[in-house]
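Subject: Structure handover

Hello,

Please find the structure below, with the sequence. My notes on what was found in it follow.

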Amino acid sequence: MTSTTTLAVALPAEHREHLIRIAREVSFDMGARLFEEGRRADRFWIVRTGTVGLDLHVPGRRAAVIESLGHGELVGWSWHFPPYVWHLGAEAMSPVRAYEFDAEAVRTLCAQDAEFGRAIAVWVGRVVAARLHASRIRLLDLYAPYGSGSRS
């Protein structure tokens with residue numbers, strides 16, 4: 001994940017502070033599942049310490065870890081787009097401390113403050129683009145025949 005998607009870089013200070021004010025501090029033990037692909041996306045997290053792995057269900061195989069997220073990174077973007085269903089799964093790869101946000105509360109703030117809402121939308125959009133790129137590369141690494149990822 002590029003540094004442009006971390007909270008400290010992605011949002012101006014006033015928007016960061018506005019968001020953090022409604023956060024709840026949570027902890028996850030190593031191995032805890034934060035969410036499952038296909039389930040309702042009603043919250044999201046910003047990692048304070050530790051590592052969260054994003055994974056993709058692969059029928060007949062073990063879930064493929066697509067990306068590892070650390071300090072300042074957004075865990076979960078599906079809460080921002082209807083129908084609010086997780087596109088990936090997430091698991092704590094180490095003990096994790098994070099800020100947790102109620103998705104509906106944040107969407108309400110976005111609707112009430114257009115500038116804040118735009119900043120959140122741009123940030124989440126950058127995260128989605130980065131995750132799509134990371135997913136593509138990881139899946140090519142795992143499943144493509146040798147040389148499939150190269151351009152001719």
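How many cavities of 30 Å³ or more does the structure hold? There is 1. Please bear in mind throughout that this is a predicted model.

Empty space

The largest cavity contains about 60 Å³ of space. Its lining is made up of Phe35, Leu54, Gly76, Trp77, Ser78, Trp86, His87, Leu88 and Arg131. Sorted by kind, the lining residues of this cavity come to 5 nonpolar, 3 polar and 1 charged.

The largest pocket is a separate entry in my notes. About 170 Å³ of space lies in the largest pocket, and the residues lining it are Arg33, Gly53, Asp55, Arg62, Ala63, Val65, Glu91 and Met93. In the pocket lining, 4 residues are charged, 3 are nonpolar and 1 is polar.

As for how such spaces are found, rolling a probe the size of a water molecule over the atoms shows where empty space is left.

The chain as a whole

The protein chain has 4 helices and 8 strands. Along the sequence they follow the pattern α-α-β-β-β-β-β-β-β-β-α-α. The chain has 152 residues, and 41% of them count as buried. Taking the contacts with a separation of 6 or more, 77% are between residues 24 or more positions apart.

The sheet

Four of the strands are in an open sheet, in the order S1-S8-S3-S6 and with antiparallel pairing. Strand S1 (24-28) and strand S6 (74-75) are the edge strands, each pairing on one side only. The partner of S6 is strand S3 (residues 43-49), and the two pair in the antiparallel sense over 2 bridges. One bridge to look at is that of Ile46, whose partner in S6 is Leu74.

The nonpolar core

The largest nonpolar core has 39 residues. Those with the most contacts inside this core are Leu19, Leu34, Trp45, Val75, Trp79, Ile120 and Trp123. Helix H4 gives the most to the core, with 6 residues.

Two residues to look at

The first note is on His80, which lies in the loop between S6 and strand S7 (89-92). Is His80 buried or exposed? His80 is buried, because its relative accessible area is 16% and the cut-off for buried is under 20%. Leaving out residues up to four places away in sequence, His80 touches Ile120, Ala121 and Val124. Of these, Ile120 is also among the residues with the most contacts inside the largest nonpolar core.

The other note is on Glu115, which is in helix H4 (residues 114-143). Glu115 counts as partly exposed because its relative accessibility is 45%, and that class runs between 20% and 50%. Which residues does Glu115 contact, if neighbours within four places in sequence are left aside? They are Glu14 and His15. His15 and Glu115 are 100 residues apart along the chain, while their C-alpha atoms are separated by 8.9 Å.

When you open the model, you could begin with the sheet order S1-S8-S3-S6, then find His80 in the loop between S6 and S7, and finish at Glu115 in H4.

Regards

Note on methods. Residues numbered from 1 in each chain as written. Predicted model: local features only at pLDDT ≥ 70, side-chain atom pairs only at ≥ 80, totals over all residues. Heavy atoms only, no water. Buried < 20%, exposed > 50% of the residue type's maximum accessible area, 1.4 Å probe, protein only. Contact = heavy atoms within 4.5 Å. 1 Å grid on protein atoms, 1.4 Å probe; cavity = no way out; pocket = protein on both sides within 12 Å on 5 of 7 lines; lining within 4 Å. Points joined across faces, edges and corners; volume = space filled by probe spheres on them. Nonpolar A, V, L, I, M, F, W, Y, C, P; charged D, E, K, R; others polar. Core = buried A, V, L, I, M, F, W, Y, C linked by side-chain atoms within 4.5 Å. Pairing = 2+ DSSP bridges.
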